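Here are my notes for your review. Please read them beside the sequence and the model.

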Amino acid sequence: GAPAEVDDIYRIFSMTKPITSVAVMMLYEEGRFFLTDPVGQYLPELANLPVALLSEATSPDDIPTERARRQMTIQDLLRHTSGLTYGFLMQHEVEAMYRREKIARPDETLEEMCKRLAKLPLLFSPGTRWNYSHSTDVLGRVVEVVSGQPLDEFFRERIFGPLGMVDTDFFVPKEKIHRLMACYSRDPQ
């Protein structure tokens, strides 16, 4: 019932995706990589991941795999054609593996997440399909490796600071928490 104020802070959820993509394109414009570079060139643990054969899977513990047709590229991560997935869509056994492994826990770094992702099969061969996924999280790790900076630091120094986005971050500091707008979600019942 309270009116919105000009300095209210809103949770932007997946709008970190375009910000991460801006960071990637900044580094691309600087000639730091090609969009066609294999992700494994920067994150060796993600090179040559197997692809799940879902039609033959009987459970998340029994998923046969095959070799991917090619490695995922930075471009695949940008357009969600990497073969990665999320765990919350509840569509197949690979997602069940993501849920079981708690991929993208809030207490882990992007580096740790990518190392755990590397132990799971891809949903499909990179470049063959589109699927909403952790691709942007992996892109964030690529930004860290290529820039030599943690992602939040890169965002603050190279994007938020120059644009005057003083209230944009991954977490709201204690001194600003009173400005955070209510975040509603559906009642699970």
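1. Disulfides. A disulfide here is a pair of cysteine sulfur atoms within 2.5 Å. By that test the structure holds zero disulfides. Keep in mind that this is a predicted model.

2. Cysteines. Two of them deserve a look. C114 has 0% relative accessibility, and because buried means under 20%, C114 counts as buried. C183 sits at 42% relative accessibility. The partly exposed class lies between under 20% and over 50%, so C183 counts as partly exposed.

3. Largest pocket. Its volume is about 1,600 Å³. The lining has 46 residues, and the closest to the pocket centre are R11, F13, T16, F170 and F171. Four elements give two or more residues to this lining: α1 (16-29), α4 (110-117), α5 (135-147) and α6 (151-163).

4. Lining make-up. Which element gives the largest share of the lining of the largest pocket? That is α6, with six residues. By class, the lining of this pocket divides into 24 nonpolar, ten polar and twelve charged residues.

5. Helix α3. This helix spans residues 93-101. Its buried residues are V94, E95, A96, M97 and Y98. Note the charged residue in that list: E95 is buried, and Glu is classed as charged. What covers the buried residues of α3 includes β1 (50-52) and α4. Helix α4 also gives two or more residues to the lining of the largest pocket.

6. After α3. Check the backbone at K102. This residue comes just after α3 and takes a positive phi of about 50°.

Notes
Residues numbered from 1 in each chain as written. Predicted model: local features only at pLDDT ≥ 70, side-chain atom pairs only at ≥ 80, totals over all residues. Heavy atoms only, no water. 1 Å grid on protein atoms, 1.4 Å probe; cavity = no way out; pocket = protein on both sides within 12 Å on 5 of 7 lines; lining within 4 Å. Points joined across faces, edges and corners; volume = space filled by probe spheres on them. Buried < 20%, exposed > 50% of the residue type's maximum accessible area, 1.4 Å probe, protein only. Contact = heavy atoms within 4.5 Å.
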